[in-house]
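Please open the structure in a viewer and keep the selection tool at hand. The tour below proceeds from one selection to the next and states what is to be found at each stop.

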Amino acid sequence: MTKSHTFIEKIAEKLGLIPDLHKERDAVLPRMTQTDLNKFPPMEKWDHWEEYEAKSWPKKDKKAYTIVPTTCFNCESACGLTAYIEKESGSIRKFEGNPFHPGSRGRNCAKGPATINQITDPDRILYPLKRVGERGEGKWERISWEEALDTVSARIRKALQEGRNNEIAYHVGRPGHEGYANRVLQAWGVDGHNSHTNICSSGARFGYAITYGHDRPSPDHANAKFILLISAHLESGHYFNPHAQRIIESKMKGGKLATMDPRLSNTASMSDYWMPTYPGTEAAVLLAMAK
Ligand code: SF4
């Protein structure tokens, strides 16, 4: 809704004391609204979407964008994002949620839109680097991808030929490849796959893997009648976003939420049951329930 300007504003604008904020009142761009509650550009406009440039305020500069669907990989939830590519410069200006993504449905945690920081981080590594000084000296030289791949593959091959399989380790930040790299390493006889997950969530994943056969199951939270959270925080656990929104759906339909957590987290405070276990005793509580 366009706000009409006051008498004082009219005079101040005429005298040039404040910028004329109302002259473009008839050229208001359509709101990013699909439904009353979800504000996204309609898909038929993704090839050409116009927005006002925030940095030009109070001037109303229109910027044209192409909106391209992509994926957030700041955790393995792999929520949908949309990249706003400025037509003028061809650069990505921002990331928003993708309302058509079946998992995240347009809702992301703060790390999703913050992906723009990775795109523009001045310290990001743009090409392969080889250390030329002593370890820790911080001296590097740029090498080609061919040289990097040849060097690494030659060393891996030599180690395999000499039976030094356990001297090979593969480390990946987010193991989102669903086992492919693991199978390659196993085919080589290498037990050296490592990622942050080995520490971050290995306990839960091991349990899931031997129980469900998959280490990251997605239960039908939205239709569950009772959900037990073990030290899992809907409001802060980034990993949880696609699950969190469905757990809340269950709660809105009358499902009960129980949270086992030493502290009264925001999630615990909103739960139907809070079980303040001593840290590390959750397994004992579960065994007591099973008994
Ligand atoms: S939960 Fe957050 S960090 Fe993880 S994929 Fe979704 S938006 Fe990205």
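**Stop 1: Lys251 and Asp272**

Begin by selecting Lys251, which is partly exposed, with a relative accessible area of 25%. The model in view is a predicted one. Now add Asp272 to the selection: its side chain meets that of Lys251 in a salt bridge, at 3.6 Å from N to O. Asp272 lies in the loop between α8 (266-270) and β11, whereas Lys251 belongs to helix α7 (residues 241-252), so the pair ties together parts that are 21 residues apart in sequence. Asp272 also counts as partly exposed, at 34% relative accessibility.

**Stop 2: Tyr273 and its surroundings**

Next, select Tyr273, which is placed in strand β11. Is Tyr273 buried, partly exposed or exposed? With a relative accessibility of 43%, Tyr273 counts as partly exposed. Which residues does Tyr273 contact, once its neighbours within four places in sequence are left aside? They are Phe226, Lys256, Leu257, Ala258 and Thr259. Displaying C-alpha atoms adds a further reference point: those of Tyr273 and Leu228 are separated by 9.2 Å, although the two positions lie 45 residues apart along the chain.

Keep Tyr273 selected and turn to aromatic rings. A search of the whole structure finds four aromatic pairs. In one of them, the ring centres of Phe226 and Tyr273 are 6.3 Å apart and the planes stand at 45°, so the pair is tilted. Phe226 lies in strand β9 (residues 226-230) and Tyr273 in strand β11 (residues 273-275), so this pair ties together parts that are 47 residues apart in sequence. Phe226 is itself partly exposed, with a relative accessible area of 49%.

**Stop 3: Charges over rings**

Move to Tyr84 and show its side chain together with that of Lys94. Lys94 lies over the face of Tyr84, at 4.6 Å from the ring centre. Lys94 has a second partner, Glu96, with which its side chain meets in a salt bridge (3.2 Å, N to O). Lys94 counts as partly exposed at 22% relative accessibility, and Glu96 counts as partly exposed at 27%.

Then select Tyr127 and Arg142. Here Arg142 lies over the face of Tyr127, at 3.8 Å from the ring centre.

**Stop 4: A network of salt bridges**

Select Lys158, Glu162, Arg164 and Glu167 together; these residues are linked in a network of salt bridges. Within this network, focus on Glu162 and Arg164. How far apart are the closest N and O atoms of their salt bridge? The separation is 2.9 Å. Glu162 counts as partly exposed at 45% relative accessibility, and Arg164 counts as partly exposed at 27%. For the structure as a whole, the number of salt bridges is 13.

**Stop 5: Backbone geometry**

The next selections concern the backbone. Most residues other than glycine have a negative phi, and most peptide bonds are trans. Select Trp57 and Pro58: a cis peptide bond joins these two residues, with omega at about 10°. Pro58 is found in the loop between β1 (49-52) and β2 (62-71).

Continue to Ala78, a residue other than glycine whose phi has a positive value, near 55°. Ala78 is placed in the loop between β2 and β3 (80-86). Its relative accessibility is 21%, so Ala78 counts as partly exposed; the limit for a buried residue is under 20%.

Arg105 is the next selection. Its phi is likewise positive, near 55°, in a residue other than glycine. The place of Arg105 is in the loop between β4 (92-97) and α2 (115-120). At 24% relative accessibility, Arg105 counts as partly exposed.

**Stop 6: The whole chain**

Finally, clear the selection and display the entire protein chain. How many helices and strands does the chain contain? There are nine helices and eleven strands. Of its 291 residues, 28% count as buried. Switch to a surface representation: the accessible surface of the protein chain comes to about 19,800 Å², and 57% of this belongs to carbon and sulfur atoms. A contact map offers a last view, in which residues 24 or more positions apart account for 39% of the contacts with a separation of 6 or more.

Technical notes
Residues are numbered from 1 along each chain as its sequence is written. This is a predicted model: local features need pLDDT of at least 70, side-chain atom pairs count only at pLDDT 80 or more; totals for chains, interfaces and linings use all residues. Side-chain values use heavy atoms; hydrogens and water are left out. Helices (H or I, at least four residues) and strands (E, at least two) are DSSP runs, numbered from the N terminus. Buried means under 20% relative accessible area, exposed over 50%, partly exposed in between (1.4 Å probe, protein chains only). Rings of Phe, Tyr and Trp (its six-membered ring) pair if their centres lie within 6.5 Å; planes under 30 degrees apart count as stacked, over 60 as edge-to-face and the rest as tilted. A charge sits over a ring if NZ of Lys or CZ of Arg is within 6 Å of the ring centre and within 35 degrees of the ring normal. Contact means heavy atoms within 4.5 Å. Accessible areas come from the Shrake-Rupley method with a 1.4 Å probe; for residues, only the protein chains shown count as cover. A salt bridge is a side-chain nitrogen of Lys or Arg within 4 Å of a carboxyl oxygen of Asp or Glu.
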